[in-house]
Amino acid sequence: MEKEVLEELKQAESQISDRIADNMKTFGVSSTVGRLLGIIYLNRTPMTLDQLAEETGMSKTRMSQVMRQMMSLNIAEKEFVKGSRKEYYKVENDYIQTFISLFTTNWKEVVSKNSQLARRLQDKILRLEEKHQDNFSPEAEKKIADLKEELEQWISYYDWIRRLVEFFESEDILKYVPPKKPSNDS
């Protein structure tokens with residue numbers, strides 16, 4: 001009977017891990033990241049690359065690549081384990097913090113790339129205007145004006161996203177959308 005119970009619990013944990021892996025697609029992150037997140041989270045203690053490779057059936061090299069990605073997303077970090085020379089990894093064990101890390105990390109990159117592009121395009125337009133001294137056809141003038149307006153809207157949009165990211169990172173979002181406490185009715 002004990003064996004059956006443990007097997008049922010292992011299957012439930014596997015379903016949670018699989019769902020976490022599926023959810024990663026929402027953040028534009030590979031399901032492998034989600035799978036490792038779930039495995040380490042449900043293990044409830046830090047794990048080595050060897051343990052992760054054994055658990056997933058993937059190579060230690062692949063586990064290393066995925067762990068680097070997870071650390072860059074701020075959802076995993078190395079942890080020192082006394083008496084061991086191996087590297088251990090732990091993950092954020094708070095789902096809300098994991099969401100905030102994934103959301104903000106991805107959007108910060110999007111904001112940065114698009115803000116840089118907007119500045120480059122604004123500089124390009126400025127150089128065109130300086131070079132041609134406003135000797136443009138009405139069609140070219142309209143295109144320039146339209147593009148300038150579009151870039152201003154673009155910049156405003158990405159500034160809004162930047163401020164939204166800051167709102168999440170500061171955790172002010174939790175003042176307006178507080179997490180519900182788990183009920184202990186079981």
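In this predicted model, Met1, Val5, Leu6 and Leu9 make a nonpolar surface patch of about 450 Å². One of these residues, Val5, lies in helix α1, which covers residues 2–23. Val5 is partly exposed, and its relative accessible area is 40%. A residue can join a patch only with over 30% relative accessible area. Val5, at 40%, therefore passes that cut-off. Val5 does not count as exposed, because that term requires a value over 50%.

Helix α1 belongs to a mixed set of elements. The secondary structure of the protein comprises seven helices and three strands. Read from the N terminus, the order is α-α-β-α-α-β-β-α-α-α. Two helices thus open the series. A strand follows, and then two helices. Two strands come next, and three helices end the run.

The overall dimensions were then considered. The C-alpha atoms fill a box of roughly 85 × 40 × 30 Å along the principal axes. The radius of gyration is 24 Å. A compact globule of 186 residues would have a value near 16 Å.

Burial and contacts complete the description. Of the 186 residues, 28% count as buried. The accessible surface of the protein is about 13400 Å². Carbon and sulfur atoms hold 51% of that surface. Among contacts with a separation of 6 or more, 58% come from residues 24 or more positions apart.

Definitions and conventions. Residues are numbered from 1 along each chain as its sequence is written. This is a predicted model: local features need pLDDT of at least 70, side-chain atom pairs count only at pLDDT 80 or more; totals for chains, interfaces and linings use all residues. Side-chain values use heavy atoms; hydrogens and water are left out. Patches are made of residues with over 30% relative accessible area and no salt bridge: like charges are joined within 9 Å, nonpolar side chains (Val, Leu, Ile, Met, Phe, Trp, Tyr) within 5 Å. Accessible areas come from the Shrake-Rupley method with a 1.4 Å probe; for residues, only the protein chains shown count as cover. A salt bridge is a side-chain nitrogen of Lys or Arg within 4 Å of a carboxyl oxygen of Asp or Glu. Helices (H or I, at least four residues) and strands (E, at least two) are DSSP runs, numbered from the N terminus. Buried means under 20% relative accessible area, exposed over 50%, partly exposed in between (1.4 Å probe, protein chains only). The radius of gyration is taken over C-alpha atoms; the globule rule is 2.2 Å times the number of residues to the power 0.38. Contact means heavy atoms within 4.5 Å.
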